[in-house]
Structure formats: C-alpha cells, structure tokens
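Here are my notes on this model, point by point. Please read them with the coordinates open.

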Number of protein chains: 4
Amino acid sequence: MKTLRGCTSANDTRKCIVEVATRVFALHGFQRAPLSLIAFEAGVSKSLILWYFGSKDSLVLEVAKHVLPLDIVSGCLGQEDLGAQGLLECIGSRYLRKYSSSLMASLLLQTISLENTYTEIRMLLDKLCTGYVREIARRVFGEPLNKEKVAKIRIFMGSLLCYSLRPIESIDASKYLESLIKLIMH
Amino acid sequence: MKTLRGCTSANDTRKCIVEVATRVFALHGFQRAPLSLIAFEAGVSKSLILWYFGSKDSLVLEVAKHVLPLDIVSGCLGQEDLGAQGLLECIGSRYLRKYSSSLMASLLLQTISLENTYTEIRMLLDKLCTGYVREIARRVFGEPLNKEKVAKIRIFMGSLLCYSLRPIESIDASKYLESLIKLIMH
Amino acid sequence: MKTLRGCTSANDTRKCIVEVATRVFALHGFQRAPLSLIAFEAGVSKSLILWYFGSKDSLVLEVAKHVLPLDIVSGCLGQEDLGAQGLLECIGSRYLRKYSSSLMASLLLQTISLENTYTEIRMLLDKLCTGYVREIARRVFGEPLNKEKVAKIRIFMGSLLCYSLRPIESIDASKYLESLIKLIMH
Amino acid sequence: MKTLRGCTSANDTRKCIVEVATRVFALHGFQRAPLSLIAFEAGVSKSLILWYFGSKDSLVLEVAKHVLPLDIVSGCLGQEDLGAQGLLECIGSRYLRKYSSSLMASLLLQTISLENTYTEIRMLLDKLCTGYVREIARRVFGEPLNKEKVAKIRIFMGSLLCYSLRPIESIDASKYLESLIKLIMH
DNA sequence: CATGAATGAGCCTTCATTCAT
DNA sequence: AATGAATGAAGGCTCATTCAT
C-alpha cells in the first residue's frame with residue numbers, strides 16, 4: 001500500500017480516506033470539495049476512492065453519518081447508571097468536545113443541511129430529534145412525558161448546537177454547560 | 001418587460017429575481033441550484049441575472065443577507081418601549097414566523113454554512129452573535145453584563161434556531177416560545 | 001453630447017470612439033477587448049458604438065485601416081520632388097515615428113494578423129507589398145524594374161517593421177534609418 | 001488509445017494534440033479557435049486536452065514556444081565550424097523553410113503578438129532579439145561589437161520575417177536570401 | 001443621438017464517472 | 001487493490017447584438 005499522508009489510521013486505506021475526506025469536506029463543503037482534492041490529500045488516486053465507495057455520494061453519506069451526534073446520545077443513554085443530571089452532563093460534555101473544533105462544527109451544520117438531499121440523513125435526524133429527545137426527556141424528568149419536558153430537552157440540544165457553532169469567547173464550554181443544565185433542571 | 005412568472009413583486013425585475021432565487025436556493029441549495037434554473041423559474045434569461053448581479057456569488061450573497069435574522073433583532077431592539085420580556089417576545093415571535101416554513105429554515109442553515117466562504121456573512125454573524133446578543137442581554141437583564149447573562153441569551157437564540165430547524169409536532173411555536181422565555185427569565 | 005473622456009477630438013463622437021478603440025485594442029488585442037471596455041473608456045454606451053459602426057467587426061476594420069502605413073507610403077510617393085534617398089527618408093522617418101510607441105507597433109502586428117479574417121485588410125496589404133513596393137523601387141532605382149530592386153525595397157520595409165516591433169536600445173531610430181538607407185542604396 | 005485523426009505522431013496523444021492545435025491555431029487564430037474544434041480535429045474530447053495541458057492558455061503557450069525560431073538560431077549558432085556567411089545561410093535557409101507555409105508564417109505573427117499576454121513569450125523574444133542577435137553579430141562581423149553591426153543583423157532578421165509574411169511571387173526564397181546576405185555582408 | 005434592458009450563442013472549465021490495464 | 005487515460009454532462013461567465021424608449 002502506498003504511504004498515505006495525514007492519516008492516523010495509516011494501515012487501513014478505507015478508514016484513512018474517510019478521515020481525510022472528513023477534513024476536506026469540513027474545509028471546503030461537501031459540494032465544493034472535489035474527489036480529486038481528497039485523493040491528493042490522502043495520497044491515493046481518485047479511482048481508488050471510487051473503488052472503495054462506489055460514488056461520491058456514498059462517501060459523503062458515510063462521512064455525514066459519522067458527523068451526527070447520534071453515537072454520543074445513544075452512548076450516554078446506554079449508561080443506565082446515570083442520573084438525570086449525569087445524563088445531561090454526559091451528552092453535553094461529549095457533544096461540546098466532538099464539535100470543539102470549528103471544522104467539526106461546520107461539518108455538523110452542513111450535514112444537517114443535507115437532509116433534503118439524502119433520505120438517510122433525514123431519518124437519522126428524525127431519530128435524534130424525536131426518538132432520542134423523548135427518551136432523554138423520560139430519563140431526565142420521568143414519566144409521564146409532556147410537551148414541556150420535551151421542549152426543555154430540545155432547548156438543551158439547540159443550545160449545545162448554537163454554542164458549538166459560535167463558542168462564546170469569554171465563556172468556556174464547561175461553564176456554559178453548567179449554566180445550561182442548571183437552567184434546564186431548574 | 002417580460003411577464004415574470006412566480007413573482008409577487010412583478011414590476012421590479014431585480015426584486016423578482018431575488019425572490020425566485022431565494023425559493024430555488026432553499027429547495028436545491030446554493031451550490032446545487034444552477035443559474036439556469038433560477039432563470040427558468042423567473043421567466044428571464046441567465047444573462048439577465050448576471051447583468052443585474054454580476055455573478056452567481058453576488059446573487060447568493062444578496063439572498064443570504066436577507067435570510068439572516070439581523071433585521072428582526074435590530075428591529076426589535078429599536079422599539080425602546082419594550083420591557084425585558086417584551087423584547088424576547090418580539091424577537092422570538094418574529095424569528096419563529098420568519099423561519100416557519102421549512103424552506104426558510106433550510107436556507108438559514110445554509111447561510112450560516114457560508115460563513116467560511118463569504119467574509120461578509122461571517123461579519124454579519126459576528127455582529128449578530130456578539131454585538132446584538134450582548135445588547136439584548138443588557139436590555140433584558142440590565143447592567144452590569146456578565147457571562148451568565150450573555151450565555152442565557154445565546155441559549156435563547158440557539159433554542160429558536162433549533163426549533164425552526166425541526167419544529168416539534170406536538171408543540172406549536174407560541175407555546176414553545178412561552179416555555180423558552182419562562183426558562184430564560186426564570 | 002456627453003463629456004467624452006480621453007479624447008483629443010472631443011467634439012466628434014465618432015472620431016473619439018475610434019481614437020479610444022485604437023488605444024484599447026492596442027492594449028488588449030482586437031479579440032480580447034470587449035466593446036464594453038471601449039464604451040467605458042470613451043464614456044459612452046455600448047449601444048452608441050454599435051449605432052455608429054454597426055458591429056464590432058466594422059469598428060475593428062476601421063481602426064485596422066488607420067493603423068497600416070498605407071497613408072505614409074502614398075503620402076511620400078505623392079511628393080514628386082523627392083529624390084531616391086529623399087523618398088526612403090520620407091517613408092522611413094514617418095514610419096518609425098508612427099510606430100514609435102509600443103502600442104502602435106503592437107497594433108500594427110495585430111492588424112497584419114487580421115489578413116486571414118478580413119478580406120479588406122488582405123487587399124490593403126497586397127496593395128502595400130506589391131503595388132507600392134514596386135512603385136517605390138521604380139522611383140528609387142529607376143526603370144527597368146527587376147527582382148533585385150524589388151527585393152531591396154522589401155528588405156527596407158521589413159527592416160522598418162522589425163525595428164518598430166523591437167527598437168534597439170542602443171541605437172535610436174534615425175541612426176538605424178541612416179544605416180538602413182546606406183545599405184539599401186549601397 | 002483511440003485512433004487519432006490527422007496526426008503524424010499517432011502514437012503519442014500529447015504530441016498529436018499539439019500538432020493538431022498548431023494547425024487549428026494557425027487557421028483560426030489563438031483566440032478564435034475553440035478547444036472544441038481542436039478536440040474534434042484531433043478526434044479526442046475537449047476534456048482530454050485539458051487533462052493534458054490544464055488550460056487552454058497552457059496549450060497556447062506550448063504551441064507558441066515551438067513556433068518561435070529560437071531553435072533554429074541556437075541550432076546554427078551551435079555549429080561552430082560555420083563561417084560568417086555560412087552562419088547567415090544556415091539561419092536564413094532554415095528560417096525561410098520553417099515559415100514557408102503561410103500557416104506557420106501566420107502563426108509566427110500571432111505568437112509575437114502574444115508578448116503582451118504571456119511573460120514567457122516576451123522573455124523568449126528578448127532572448128532572440130537581444131542575446132542571440134548580438135551573438136550572431138559577433139560571429140559574423142567579429143569583435144568589437146558596435147551598433148552598426150547589431151543593426152545589420154536586425155535588418156537581416158527583419159527581412160527574413162518580412163519575406164516569410166509575404167513571399168515575393170517573382171523571387172524565390174533562396175534568391176531572396178542570397179541578395180539579402182550580399183547586402184548585409186556588403 | 002443615446003441608453004438601459006434583455007437575449008443567445010459559445011467557450012472554458014470543473015468534476016464525477018468509466019474503462020482498460 | 002490500484003492507477004492513468006479518457007469521457008460527458010453541466011455550469012458560470014463573456015460578449016456581441018437587438019429592441020424599446
């Protein structure tokens with residue numbers, strides 16, 4: 001195998017391409033980033049990327065799926081020993097860490113924009129904004145679920161998104177999260 | 001002047017183009033929407049669009065600037081007789097109305113994504129997220145300004161964004177806004 | 001009439017356009033120079049240029065015709081009191097003066113290139129290189145005309161062209177002309 | 001590889017494209033000749049041309065460089081056994097042969113016109129008109145170099161150019177060259 | 001005379017994709 | 001698994017030209 005540039009996982013070409021593509025997509029946008037640039041950055045040929053992924057769309061989709069915070073949310077929900085506040089802390093801290101670089105934040109935004117283009121993205125977002133949000137609400141505020149409880153979790157998620165997109169210089173992530181949770185939990 | 005299709009302001013070609021472009025960009029994305037499609041939808045020639053705007057980029061920029069909620073925020077800030085809660089209600093209700101259609105919401109998202117491409121968009125977002133947010137915080141919570149107050153307004157804005165992107169079926173906009181303001185004002 | 005910029009003959013729009021066009025064509029080339037640029041430089045509208053000349057091609061032709069040295073040659077030939085050397089001096093000095101600016105020299109080159117595009121240019125060049133050259137040869141070397149005499153005049157003309165295109169820094173035009181005439185007249 | 005039409009070097013796509021482009025440029029002019037025409041004439045796709053050359057400008061430049069007579073001059077200067085007259089005969093005969101077709105002559109003219117557009121062309125012309133001309137002058141007339149010697153070589157080159165552009169029907173190239181050299185060497 | 005609005009043809013270029021090796 | 005060669009579709013943009021006023 002050729003030496004691949006700028007890859008952490010240097011021994012798996014496929015993973016390496018995804019890794020490089022993520023970076024390039026973040027910098028240039030899914031549409032604007034040509035396969036040739038990704039190929040160049042990864043030190044492979046365009047053809048190889050297509051050999052692995054079949055089409056640019058598939059690559060975009062693969063990257064996009066990794067970008068969404070579904071893994072974080074499902075991961076924290078899986079920790080059944082977490083209390084109400086613990087769950088929010090778990091999600092919040094991992095969320096803010098994942099999108100702490102402006103590259104990842106930009107990519108998140110772009111991925112959400114893709115929901116009109118890729119059905120799969122829309123379904124994932126549905127799962128996140130409806131299914132998971134309701135599950136979090138249940139875990140945090142207890143049964144029975146009502147509108148206000150759901151709204152609060154949405155506010156929680158929205159505030160995380162908004163901070164990731166434009167971190168407030170004078171307030172670091174953990175302080176912000178602390179204020180946010182206090183507000184939500186009242 | 002030719003009969004222009006699908007235009008409210010049928011007697012001003014330039015405005016009509018912006019109007020149609022806004023719709024087309026929302027549906028297909030800034031990048032994916034070709035000028036030819038906008039031209040077709042507006043019933044004019046591609047050349048005419050370029051004659052008015054010089055380049056596709058300029059048209060994108062013009063549309064993008066109209067999409068951001070700066071007009072709303074500055075408009076409400078201008079109403080000096082509004083109290084703390086009144087100000088938030090003003091901004092919130094207009095915001096949720098502006099982006100009540102999924103088209104406008106999608107466009108807002110895409111516009112934010114453009115901040116790495118167009119300096120002017122970045123500056124407007126800076127103005128919104130720094131300047132205006134601080135001014136709102138001052139008006140709502142009074143001097144002296146501190147981090148927590150700013151954070152709360154950011155939470156307010158982020159929650160509006162998040163709801164616009166994915167309205168909660170069971171909760172209508174006004175109820176959501178009410179809950180949100182209660183939370184913020186505590 | 002609008003104030004026309006950069007025109008010597010400010011009171012004749014048509015002449016002014018030709019004047020400005022000559023300059024713009026010299027700088028950018030006949031093909032590359034758009035009518036809009038000429039219009040801008042002349043301070044008139046594109047439409048007006050077309051109103052006067054009918055088409056860009058006609059304007060190009062009009063400028064091109066003025067650029068060729070036919071006027072010089074026929075002018076000097078018209079001075080019947082000139083001797084052999086006097087005739088060459090007349091032609092040579094006016095020629096080198098006309099194309100002393102690199103703009104005019106560049107334009108001359110481009111005009112010659114046009115002979116495959118515009119029949120009229122080809123005919124003018126034919127007239128210059130065949131008719132006039134033979135007439136000069138007759139006046140300079142006397143009857144009967146032979147190949148060598150014609151060749152010498154062609155050498156004379158070619159040398160003038162070549163110097164105009166790339167003046168020799170260390171040799172000024174009059175010195176060059178002097179050497180040239182000495183060579184030709186033997 | 002596809003069968004390439006109208007190519008001498010049929011087994012080298014890149015060379016074939018240059019060859020066809022040279023012909024097409026000569027007929028239509030660098031500007032007027034669209035890539036699509038060259039592609040059609042060469043029996044390849046436009047895209048392939050761009051794949052090889054990157055841009056039309058690069059192709060133009062590549063063709064233009066081959067058109068200038070630098071190869072001839074440097075080739076003859078390299079033959080150190082040539083005497084004064086032999087050197088001029090070498091350059092003159094090759095020169096007149098290279099541009100014996102009106103296509104090549106036209107292309108030469110156009111290439112010179114490009115010196116305002118492409119720096120590289122200007123540099124090559126500088127090398128030809130200054131460096132090489134002085135070297136020829138030294139070889140032909142011996143040290144020390146003076147203005148008159150340089151001027152004579154310039155006259156020599158200019159006369160070659162002028163004859164190439166418009167061969168004299170009644171005088172064939174070798175006769176013309178003979179007269180020219182006699183004149184120069186006096 | 002003079003202009004702005006509007007158009008259409010054409011061109012360079014980008015880019016995803018295919019194919020042979 | 002990997003690549004270079006080759007293609008075609010599509011898009012943005014330039015620019016001469018036309019038309020109504």
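1. Start with the DNA backbone. A polar atom in the side chain of S45(C) sits 3.0 Å from a phosphate oxygen of DNA strand E. L35(A) also reaches a phosphate oxygen of this strand, but through a backbone N or O atom, at 2.8 Å. Keep in mind that this is a predicted model.

2. Now the bases. The side chain of S47(C) places an N or O atom 2.5 Å from a base oxygen of DNA strand E. Which elements give two or more residues to the surface near DNA strand E? They are the α3 helices (46-53) of chain A, chain B, chain C and chain D.

3. The wider surroundings of the strand. There are 34 residues around DNA strand E, and those that come nearest are K56(A), S47(B), W51(B), Y52(B) and S47(C). Of the strand's atoms that come within 4 Å of the protein, 53% belong to sugar and phosphate. Sorted by class, the surface near DNA strand E holds 18 nonpolar, nine polar and seven charged residues.

4. Next, chain A against chain B. Contacts link 39 residues of chain A with 39 residues of chain B. The two chains bury about 3,500 Å² between them, and carbon and sulfur atoms carry 60% of that area. Three residues stand out on the chain A side: R154(A), R166(A) and L183(A) supply 22% of the area that chain A buries against chain B, more than any other three residues.

5. Polar links across the chain A and chain B interface. How many salt bridges are there between chain A and chain B? The count is six. A salt bridge joins the side chains of R166(A) and D126(B), with N to O at 2.2 Å. The two chains also have 10 residue pairs in polar contact, both residues at pLDDT 80 or more.

6. Where the chain A side comes from. At least two residues each are supplied by α7 (102-113), α8 (119-141), α9 (147-165) and α10 (173-185) of chain A. Helix α9(A) gives the most, with 14 residues. The side of chain A that touches chain B comprises 18 nonpolar, 11 polar and 10 charged residues.

7. Inside chain A. The chain is divided into domain 1 (13-65) and domain 2 (68-185). Their C-alpha centres lie 27 Å apart. In the contact between them, 13 residues of domain 1 meet 12 residues of domain 2. The two domains of chain A bury about 1,100 Å² between them, 68% of it on carbon and sulfur atoms.

8. Polar links between the domains of chain A. The count here is one salt bridge. E120(A) and K65(A) form a salt bridge, their closest N and O atoms being 3.1 Å apart. Five residue pairs are in polar contact across this interface, both residues at pLDDT 80 or more.

9. Finally, the domain 1 side. Which elements of chain A give two or more residues to the side of domain 1 that touches domain 2? They are α1 (13-28) and α4 (56-67) of chain A. Helix α4(A) gives the most, with six residues. By class, this side of domain 1 of chain A has eight nonpolar, two polar and three charged residues.

Technical notes. Residues numbered from 1 in each chain as written. Chains lettered and ligands numbered in written order. Predicted model: local features only at pLDDT ≥ 70, side-chain atom pairs only at ≥ 80, totals over all residues. Heavy atoms only, no water. Near = heavy atom within 4 Å. Polar contact = N/O pair within 3.5 Å; in protein donor to acceptor, adjacent residues only side chain to side chain. Helix = DSSP H or I, 4+ residues; strand = E, 2+ residues; numbered from the N terminus. Nonpolar A, V, L, I, M, F, W, Y, C, P; charged D, E, K, R; others polar. Contact = heavy atoms within 4.5 Å. Buried area = accessible area lost by both parts, 1.4 Å probe. Salt bridge = Lys/Arg side-chain N within 4 Å of Asp/Glu carboxyl O. Domains from an automatic or database assignment.
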